[in-house]
Amino acid sequence: MRTRREFVAGTTVAGLGVGLGGLPLTGCAVEGDEESRRTEGRQGEGDFQEVTRSAKPLRILILGGTGFLGPWQVEYALARGHVLTLFNRGRTGPDLFPEVETLLGDRAESDYASLAGRSWDAVIDNSANVAPWVMDSVQVLKDAAERYLFVSSISAHSDNSTIGQNEYGPVFTEEEYEEAMASGVSAGAAFGPHKAQAERETFRAFGERGIVVRPGLIVGPGDRSDRFTYWPVRIDRGGEVLAPGDGSDFAQIVDVRDMAAFMVHLVEQEASGTYNATGPEAPLTMAGMLYGIRAVTSTPVTFTWVDADFLREHRVGAWMEMPVWVYPDPENRGFSAYDCSKAMAAGLTFRPLADTARDTLNWWKAKPEAEQTLRTGLAPERERTILEAWHARNG
Ligand SMILES: NC(=O)c1ccc[n+]([C@@H]2O[C@H](COP(=O)([O-])OP(=O)(O)OC[C@H]3O[C@@H](n4cnc5c(N)ncnc54)[C@H](OP(=O)(O)O)[C@@H]3O)[C@@H](O)[C@H]2O)c1
């Protein structure tokens, strides 16, 4: 059995996310007393060791719980003294939390039999990236749970042309969802419409007892998508780093531990409604992010900012090849510039970028060497080729 330290240190991919969706992870846990259980496997500061117990322990059902975001929710909720039940297929990280009750079922088969006859104070639904799963689960749980928090995505927004868009900005409509379903596009291609529809299903069934959180890019230790990890790892490798655009493009990310704590906090507060949830608090640019990450390494490094047109000529893919970044586009200028003040007022806090960068890098370096292969970002040879072409053009 792998230890909880090993869960944080290295995990294996078990699924696929699209757009801003997540990549589930695996891992497992150690036996131990309360204190060691809480502190095992931590990456220095920025864990939940200092968390105080809630005055009112809740019974919380987590749909999922063993991928990337889920384990941090479990850790935080246990530290707060809540009593947890996980619901999943038992495939991803089945031994991760032996002390936590797990009920088995497959949402793709609408198999919720193991939930029958039970009740909870709150449900946190992580595992649904398609609306039909939520249509079913909210019906199963609407009389069995007081509150239902659906983990949506900022991708539910259908129009990103406005900087500072908040949760009341346009999302994909029911008609757009139905059109997507009728057209036969994949669930991945219709990620936003599915999330928007699942939000509606949550509120239809739970009304004011429903909570929707729309995270942006969730990053930090345990993230197997490498959609942020690329930058700390690349910068720590040193040398000339290709950086996209002129440095002024917006970047928004949220540390998985801050996201997990916020979601548990919302159910504790008996919150209601929708929250756009990404960070940091003050606007961040790509330059701010990359120089901020550079501050946690001592490797000599220089950034060469390569303009977007040149990157386009070389068919550099936004987001996956140049993580966190998208091509500047007036239609999309509100991307990575969402207004999350409602979530902040409700308790979303952000640890410093340096903590996220350092902990992500430490997590990466603690993985077995064979697992230290980046899934996103420019491959080293391709980065070099583009930089050489850029220098050749600019003399
Ligand atoms: N990562 C990001 O940047 C990002 C951004 C915005 C929104 N989000 C959203 O955040 C959520 C968190 O994802 P996560 O992977 O980190 O969550 P998680 O709860 O940590 O992991 C996913 C869980 O789903 C379970 N699962 C998968 N297929 C299942 C099925 N057919 N039936 C029942 N359970 C199933 C997995 O266990 P088994 O395999 O054992 O079933 C696993 O426990 C997702 O909704 C994602 O769209 C993520």
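Me: First, a working definition: a residue is buried if 20 or more other C-beta atoms (placed from the backbone) lie within 10 Å of its own, exposed if 12 or fewer, and partly exposed in between. Is Val324 buried or exposed?

Reply: A heads-up: this is a predicted model, where local features need pLDDT (the predictor's confidence in each residue, from 0 to 100) of at least 70 and side-chain atom pairs count only at pLDDT 80 or more, while totals for chains, interfaces and linings use all residues. Numbering starts from 1 along each chain as its sequence is written. Val324 has 25 C-beta neighbours inside 10 Å, so it counts as buried.

Me: And which phi does Val324 have?

Reply: Most residues other than glycine have a negative phi. Val324, in the loop between α10 and α11, has a positive phi, near 75°.

Me: Arg315 has a positive phi too, so to speak, about 55°; is Arg315 buried or exposed?

Reply: Arg315 is in the loop between α10 (308–313) and α11 (341–345). It has 8 C-beta neighbours inside 10 Å, so Arg315 counts as exposed.

Me: How much should I trust the chain, i.e. what share of its residues reach pLDDT 70 or more?

Reply: Watch residues 1–46, where pLDDT stays under 50. For the protein chain the mean pLDDT is 89, and the share of residues at 70 or more is 88%.

Me: What is the strand order in the seven-stranded open sheet?

Reply: Strands here are DSSP E runs of at least two residues, helices are H or I runs of at least four, both numbered from the N terminus, and two strands pair if DSSP finds at least two bridges between them. The edges are β3 (101–104) and β10 (273–277), each pairing on one side only. The pairing is parallel, and the order reads β3-β2-β1-β4-β5-β6-β10.

Me: Which residue in β6 is the bridge partner of Leu149?

Reply: β5 (residues 145–151) and β6 (residues 210–215) pair in the parallel sense over four bridges. In β6, the partner of Leu149 is Ile211.

Me: Which helix gives the most to the largest nonpolar core?

Reply: A nonpolar core is a set of buried Ala, Val, Leu, Ile, Met, Phe, Trp, Tyr and Cys residues joined through C-beta atoms within 7 Å. The largest one has 98 residues, and Ile60, Val123 and Leu149 touch the most other members. With nine residues, the top helical contributor is α8 (256–268).

Me: Which residue of the 256–268 helix does Ile60 touch?

Reply: Two residues are in contact if their C-beta atoms, placed from the backbone, lie within 7 Å. Beyond four places in sequence, the contacts of Ile60 include Ala77, His82, Leu84 and Trp120. Also on that list, and inside 256–268, is Val267.

Me: How far apart in space are Asn126 and Leu69?

Reply: Asn126 lies in the loop between β4 (120–125) and α4 (131–141), and it counts as buried because it has 24 C-beta neighbours inside 10 Å. Leu69 is among its contacts beyond four places in sequence, as are Gly64 and Val151. The two are 57 residues apart in sequence, but C-alpha to C-alpha they are separated by 7.9 Å.

Me: Any odd omega: which residue follows Gly279 across a cis peptide bond?

Reply: Most peptide bonds are trans. This one has omega near 0° and leads into the loop between β10 and α9 (286–294). The residue after Gly279 is Pro280.
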